[in-house]
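This report is meant for someone looking at the chain for the first time. Please keep the sequence and the 3D view open while reading.

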Amino acid sequence: MFYGLSKFLKQLLPKQLFYRSLLIVALPIIILQITISVVFFDSLWIKTNIGMTRALVGEIKTFIDSYNQEGSDKNFVENTFEEHLEIDVVYFQNKQFSDLMNEKWYSPIDRALRRELKSKNLEYWFDTSKFRHTVNLKIKNEGDYFEFFIPRERLTSTSVRIFALWITLPAILIIAIAIIFLKNQTRPIKKLAEASKKFGRGENIEEFVPSGASEIRQAGFEFEKMRKRILRHLNQRSEMLSGISHDLRTPLTRMKLQLALIKDKNLIERFSNDIDEMEKMLNEYLQFSSESNKEQTEEFEFNELIENIIFKFNNNIIKFNKGEIFIFNGRKLLIQRCLNNLIENSTKFANKIEVSFQKLKSNILIIIEDNGPGIPINERENVFKPFYKIDKSRSEKSSSVGLGLSISSDIIRSHGGKIELSESNLGGLKIVISLPF
Ligand SMILES: Nc1ncnc2c1ncn2[C@@H]1O[C@H](COP(=O)(O)OP(=O)(O)OP(=O)(O)O)[C@@H](O)[C@H]1O
Ligand SMILES: [Mg+2]
């Protein structure tokens, strides 16, 4: 049961750090406010009102009794009453007031007045809201009646509004200050999350400047250190590889020249084929590494990119299932190269290819399916290795080097995505690429 309750509470609570912290600050203030208001309203304000009303009704009753006393000087009684108690009285002889009264059951002033008047057995009529500062009260006196105009402050303490204002205003002020402070506290965390997300997706980010509280600053500082280390590591590796590839071209060219000295024609052909293949491997790799080093991220529409790639193949065996228009921020040339490699592979093995694009909640899917021979399960990991070809004879004619899939997966991973191979309904290979955005 407690598990259910805590789950329910979790759903109810805000998800964002800013709103959670705000709740932690604001909730106690609001609870305190309500408690103080209720206590003040109930025990102080209402009780004071009742006391004041009782005293007032007592005075009025004394006045009426003195007025009705036989032989009393009615004028004198009325004048003293008016003068010392600041209550205006008018006496209506041989007149009755209507019994219809606008009773407000929710008003504590009305309730107290009604109770006190009843306890003194008076027949009354009153209206507390007709005038702003005055309460109008009529009391029957046999065939006649009195009309009183009583200052409102005789019945109730007017400090209630000021009190409410004085406890609400500071609370609002405190919450406003808390909002400003909390916004400033959560901004650096958001900034860090944003930078990590971008870095994870392979986007270029400028130097991250840590800010905020010391813990957050420390996290930002460590992030920046880690980012630099990773970048250095990546650069070092690719620089080394491209250095080796580059340097290998010279001995290759030398070997080509030396071939001319060999007499055996057959041998020359076999040698030069091998040398050509090695050259192709090196060129392919060099081209890729120079592209991936240079390219900056840019925005492009994904459907359009795929359409353009398919268009270049200039055949009608590729079907494209378009998705929702989507602007992606990434390294366009590299993604183009990746999709090109994959579609090109399919065109080598199949005569029916289907490419689909789908936008999901936080990532996009590109699915490439064909009706070729597919890739057996035990080879699905190997084909991503550089220079790996399943079966030499399978792609001998097209003189491939076996770098396509390895480059493609490298590109997808550098964008924080993943690439998976499986079996297609068309009978061949199904490639699912998922890229986060
Ligand atoms: N759509 C496919 N259907 C069947 N087999 C495939 C498919 N795509 C790739 N393969 C197999 O995976 C191997 C690796 O593919 P990869 O693209 O890495 O190299 P490649 O196409 O042989 O050479 P490159 O692309 O560098 O010219 C290929 O040799 C091929 O046997
Ligand atoms: Mg290929």
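The text below goes through the strands, the nonpolar cores and the ligand shell.

This is a predicted model, in which local features need pLDDT of at least 70 and side-chain atom pairs count only at pLDDT 80 or more, while totals for chains, interfaces and linings use all residues. Residues are numbered from 1 along each chain as its sequence is written, and chains are lettered from A and ligands numbered from 1 in the order in which they are written.

**Strands**

Helices (H or I, at least four residues) and strands (E, at least two) are DSSP runs, numbered from the N terminus. Two strands pair if DSSP finds at least two bridges between them.

An open sheet of 4 strands follows the order E1-E4-E3-E2, and its pairing is antiparallel. Its edge strands, each pairing on one side only, are E1 (88-92) and E2 (124-127). Within the pair of E2 and E3, Tyr-124 stands opposite Ile-139 of E3.

Further along the chain, E8 pairs with E6 and with E9. E8 and E9 form a hairpin, with 3 residues between them. Three strand pairs are listed here.

| Pair | Sense | Bridges |
|---|---|---|
| E2 and E3 (residues 134-141) | antiparallel | 4 bridges |
| E6 (residues 318-321) and E8 (residues 353-359) | parallel | 4 bridges |
| E8 and E9 (residues 363-370) | antiparallel | 7 bridges |

Lys-319 has Glu-354 in E8 as its bridge partner, and Ile-353 stands opposite Asp-370 in E9.

**Nonpolar cores**

A nonpolar core is a set of buried Ala, Val, Leu, Ile, Met, Phe, Trp, Tyr and Cys residues joined through C-beta atoms within 7 Å. A residue is buried if 20 or more other C-beta atoms lie within 10 Å of its own, with C-beta atoms placed from the backbone.

The largest core has 28 residues, and Cys-338, Leu-339 and Ile-343 have the most contacts inside it. Elements giving two or more residues to this core include H7 (265-294), H8 (302-313), E8 and E9. H9 supplies the largest share, 6 residues. Another core, of 21 residues, lies apart from it and has Phe-81, Ile-109, Val-135 and Leu-155 among its members.

**Ligand 1**

Around ligand 1 there are 23 residues (C-beta atom, placed from the backbone, within 6 Å). The closest are Asn-345, Lys-389, Ser-400, Gly-404 and Leu-405. H9 (332-349) and H10 (404-414) are the elements that give two or more residues to this shell. H9 gives the most, with 4 residues.

Conventions. A residue is buried if 20 or more other C-beta atoms lie within 10 Å of its own, exposed if 12 or fewer, and partly exposed in between; C-beta atoms are placed from the backbone.
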